[in-house]
Amino acid sequence: VLISTAIISCICFYLFPYGWSWYFTSMIGALLSATDPVAVVSLLNDVGGSRKLRMVIEGESLMNDGAAIVLFQLFFYFFMGI
């Protein structure tokens with residue numbers, strides 16, 4: 001999540017000509033870096049994947065979502081000057 005946030009932040013900062021701050025582009029990066037495993041879990045259900053593998057993928061997704069929320073809030077507080 002950290003690497004994805006950093007890459008998306010750099011792309012937004014240097015590619016878009018809007019004059020966004022680093023904090024704002026980091027907020028965008030944190031929002032877009034969260035992954036959604038619905039397709040993978042659905043595919044595992046269709047092919048009869050193990051329950052343990054599904055639980056690992058869902059747990060990893062929850063951890064990524066939590067990290068993205070924390071990063072977003074951190075950059076939001078920096079952006080607002082709190």
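I began with Tyr14, which is exposed at a relative accessible area of 63%. I note at the outset that the model is predicted.

**Tyr14 and its partner.** I then looked for aromatic pairs and found eleven in the structure. In one of them, Tyr14 and Trp22 meet edge-to-face, with 5.8 Å centre to centre and 80 degrees between the planes. I looked up Trp22 as well and recorded it as partly exposed, because its relative accessible area of 36% falls between the cut-offs of 20% and 50%.

**Phe13.** I placed Phe13 in helix H1, which covers residues 2-15. Its relative accessible area is 26%, so I entered Phe13 as partly exposed. Leaving aside residues up to four places away in sequence, I listed the contacts of Phe13 as Trp20, Ser21, Trp22 and Thr25. I also checked Phe13 against Phe76: the two are 63 residues apart in sequence, and their C-alpha atoms are 16 Å apart in space.

**Aromatic cluster.** I found that Phe16, Tyr18, Trp20, Phe24 and Phe79 form one aromatic cluster.

**Whole protein.** I counted four helices and zero strands, in the order α-α-α-α from the N terminus. The radius of gyration is 16 Å, well over the 12 Å that the globule rule gives for 82 residues, so I describe the protein as more spread out than a compact globule. Along the principal axes, the C-alpha atoms fill a box of roughly 50 × 25 × 15 Å. Buried residues account for 27% of the 82. I noted an exposed area of about 5,800 Å², 72% of it from carbon and sulfur atoms. Of the contacts between residues at least 6 apart in sequence, 57% join residues at least 24 apart.

Conventions: Residues are numbered from 1 along each chain as its sequence is written. This is a predicted model: local features need pLDDT of at least 70, side-chain atom pairs count only at pLDDT 80 or more; totals for chains, interfaces and linings use all residues. Side-chain values use heavy atoms; hydrogens and water are left out. Helices (H or I, at least four residues) and strands (E, at least two) are DSSP runs, numbered from the N terminus. Buried means under 20% relative accessible area, exposed over 50%, partly exposed in between (1.4 Å probe, protein chains only). Contact means heavy atoms within 4.5 Å. Rings of Phe, Tyr and Trp (its six-membered ring) pair if their centres lie within 6.5 Å; planes under 30 degrees apart count as stacked, over 60 as edge-to-face and the rest as tilted. The radius of gyration is taken over C-alpha atoms; the globule rule is 2.2 Å times the number of residues to the power 0.38. Accessible areas come from the Shrake-Rupley method with a 1.4 Å probe; for residues, only the protein chains shown count as cover.
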